[in-house]
Amino acid sequence: KQWFRPQVSISDQKTSRNYLQKQQKHIVNAIREITFKNDNIYLFNPFNNLCDTKYCYATKNGKFFFTDENHLSINGANMISKDLFSLIQNININQEK
């Protein structure tokens with residue numbers, strides 16, 4: 001630790017899961033409606049990857065999940081990547097049938 005480069009203590013930055021679900025409900029519903037009407041549009045919602053049962057996190061355990069208000073950091077991308085790749089694989093498998 002250097003006096004000119006202090007160590008920043010980062011506590012978990014979180015928001016109520018219920019609050020965020022209410023905030024995005026109209027958007028998710030609109031996109032779902034579009035996906036039902038078009039078989040080549042898919043919805044990937046990373047909500048469950050970034051939230052537990054009570055909170056959604058911008059930072060947790062000293063890791064930032066976003067680089068700004070809307071873009072995932074590398075840590076955030078890593079949290080959703082497995083499920084996103086799974087969706088893509090399922091789309092590809094279904095298109096081959």
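Helices and strands here are DSSP runs, numbered from the N terminus; a helix has at least four residues and a strand at least two. With that in hand, open the structure. It is a predicted model.

**Stop 1: the whole chain**

Show the chain as a cartoon. Look for three helices and three strands. Trace the chain from the N terminus and the elements come in the order β-α-α-β-β-α. The chain has 97 residues, and 15% of them count as buried. Now think about contacts between residues with a separation of 6 or more. Of these, 52% join residues 24 or more positions apart.

**Stop 2: the second largest pocket**

Select Arg17, Gln21, Gln24, Lys25, Val28, Asn29, Arg32, Asn45, Phe47 and Asn48. These residues line the second largest pocket. The space inside comes to about 180 Å³. Which element gives the most to this lining? Colour by element and see: α1 does, with seven residues. Both α1 and α2 supply at least two residues each. Next, colour by class. The lining holds five polar, three charged and two nonpolar residues.

**Stop 3: the largest pocket**

Move on to the largest pocket, with about 480 Å³ of space. Four elements give two or more residues to its lining: β1 (13–16), α1, α2 (47–50) and β2 (55–60). In total, 19 residues line this pocket. Select Leu20, Phe47, Leu50, Phe66 and Glu69, which lie nearest its centre. Phe47 also belongs to the lining of the second largest pocket. How does the lining of the largest pocket divide by class? Ten residues are nonpolar, six are polar and three are charged.

**Stop 4: the disulfide**

Select cysteine 51 and cysteine 56, and show their side chains. A disulfide joins the two, with 1.9 Å from S to S. A search of the whole structure finds one disulfide, so there is no second to hunt for. Turn the view to look along the link. The angle about the S-S bond is 100°, and the link is right-handed. Are these cysteines buried or exposed? Buried means under 20% relative accessible area. Cysteine 51 is at 11%, so cysteine 51 counts as buried. Cysteine 56 has 6%, so cysteine 56 is buried too.

**Stop 5: the salt bridge**

Go to helix α1, residues 17–37. Select glutamate 33 and lysine 37. Their side chains meet in a salt bridge, 3.1 Å from N to O. The count for the structure comes to one salt bridge. The two partners lie four residues apart in α1, about one turn of the helix. Switch on the surface here. Exposed means over 50% relative accessible area. Lysine 37 is at 60%, so lysine 37 counts as exposed. Glutamate 33 is at 45%, so glutamate 33 counts as partly exposed.

**Stop 6: glycine 62**

Where is glycine 62 found? Select the loop between β2 and β3 (63–64), and there it is. Glycine 62 has a relative accessible area of 43%, which means that this residue is partly exposed. Now add aspartate 12 to the selection. In sequence, glycine 62 and aspartate 12 are 50 residues apart. Draw a line from C-alpha to C-alpha, and the distance in space is 7.2 Å. The tour ends at this pair.

Methods:
Residues numbered from 1 in each chain as written. Predicted model: local features only at pLDDT ≥ 70, side-chain atom pairs only at ≥ 80, totals over all residues. Heavy atoms only, no water. Disulfide = S-S within 2.5 Å. Buried < 20%, exposed > 50% of the residue type's maximum accessible area, 1.4 Å probe, protein only. Salt bridge = Lys/Arg side-chain N within 4 Å of Asp/Glu carboxyl O. 1 Å grid on protein atoms, 1.4 Å probe; cavity = no way out; pocket = protein on both sides within 12 Å on 5 of 7 lines; lining within 4 Å. Points joined across faces, edges and corners; volume = space filled by probe spheres on them. Nonpolar A, V, L, I, M, F, W, Y, C, P; charged D, E, K, R; others polar. Contact = heavy atoms within 4.5 Å.
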